[in-house]
Amino acid sequence: MSCCRCREGERAAQSSILYSILNRGSPCQRRQPRTSAAQLCACASNRRLVAIRAPQLVFRAASEVLVKTFRFVKNVPCFQGLPAEDQLRLVRKSWAPLLVLGMVQDSVDFDTVETQQPSLLHRILTHSKERQQSVQTDIQDPGVPVGDVEGIKMFLVKCRGLGISVKEYAFLKGAILFTPEVTELECREYIHALQREAERALYEHVRTVHVGNAGRLSRLRAVLNKLRSVDPDSVAGLFFRPVTGTSSIDEHVLAMFYEL
């Protein structure tokens with residue numbers, strides 16, 4: 001099934017604002033039927049962008065969570081024994097889901113506000129070099145798709161409702177940190193074994209402490225799967241980029257890791 005994004009290329013010329021302005025009143029222009037709000041493509045909502053309401057405060061809170069998480073990571077003996085390059089690759093891969101999980105553990109929350117971007121017509125009319133530079137400055141940090149943000153907020157709420165214990169958090173972090181899918185790992189098989197061990201320890205803990213609660217085990221598996229699908233670009237754009245600007249998020253995160 002196609003959506004408006006799929007048909008965008010086919011109707012680009014006919015649907016642009018500039019095309020409509022230049023052809024207004026043209027005798028060969030067909031009158032298009034009106035489209036009700038209910039008929040609009042559902043993926044239109046995914047193009048809405050939001051940003052953190054208090055970026056400095058949330059940036060500081062997220063940074064504190066990440067620093068605490070990196071301290072935990074550096075104190076894991078199996079991680080310490082890995083080659084430096086493997087440590088670097090694992091941190092680059094896992095920092096975003098580890099941050100989200102740490103925000104659950106530390107009860108960090110945030111509010112967002114929908115961003116306002118200049119319309120296409122505004123950008124067409126303000127075509128001078130000076131105004132173009134001004135517009136580019138205004139939209140340097142456009143925000144994050146609302147669907148991605150809602151997914152993160154929903155995940156935080158659901159996880160807090162599980163009442164995850166300190167030990168369960170530790171096992172979850174281990175299962176996220178040791179990711180054998182990372183490219184160019186020197187110790188891939190060993191890292192894969194560490195991931196399986198962390199998952200096994202989590203499941204054994206649940207079976208021992210929550211006897212007969214098979215539903216909890218499946219919910220924690222769902223938590224792991226959701227964490228592994230976290231988009232680092234969305235996390236960076238939401239919590240860090242409003243403060244760090246266009247500087248490399250990767251460099252910012254690794255600097256925090258190496259400063260400990």
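How many helices and strands are there in the protein? The protein contains 15 helices and 3 strands, taken as DSSP runs (H or I of at least four residues for helices, E of at least two for strands) and numbered from the N terminus. The model is predicted, local features requiring pLDDT of at least 70 and side-chain atom pairs pLDDT 80 or more, whereas totals for chains, interfaces and linings use all residues. Residues are numbered from 1 along each chain as its sequence is written, and side-chain values use heavy atoms, with hydrogens and water left out.

Of the 260 residues, 35% are buried (under 20% relative accessible area, with a 1.4 Å probe and protein chains only). Helix 13, spanning residues 232-239, is mostly covered, with 6 of its 8 residues buried; these are Ser234, Val235, Ala236, Gly237, Leu238 and Phe239.

Aromatic rings of Phe, Tyr and Trp (its six-membered ring) were paired if their centres lay within 6.5 Å, with planes under 30 degrees apart counted as stacked, over 60 as edge-to-face and the rest as tilted. The count comes to 6 aromatic pairs. The rings of Phe70 and Phe257 have centres 5.3 Å apart and planes at 85 degrees, so this pair is edge-to-face. The pair links distant parts of the chain, Phe70 lying in helix 4 (residues 55-74) and Phe257 in helix 15 (residues 249-259), 187 residues apart. Phe70 is buried at 1% relative accessible area, and Phe257 is buried at 3%. Phe257 also pairs edge-to-face with Tyr258, the ring centres being 5.4 Å apart and the planes at 70 degrees. Phe70, Phe79, Phe257 and Tyr258 form one aromatic cluster.

Key: Buried < 20%, exposed > 50% of the residue type's maximum accessible area, 1.4 Å probe, protein only.
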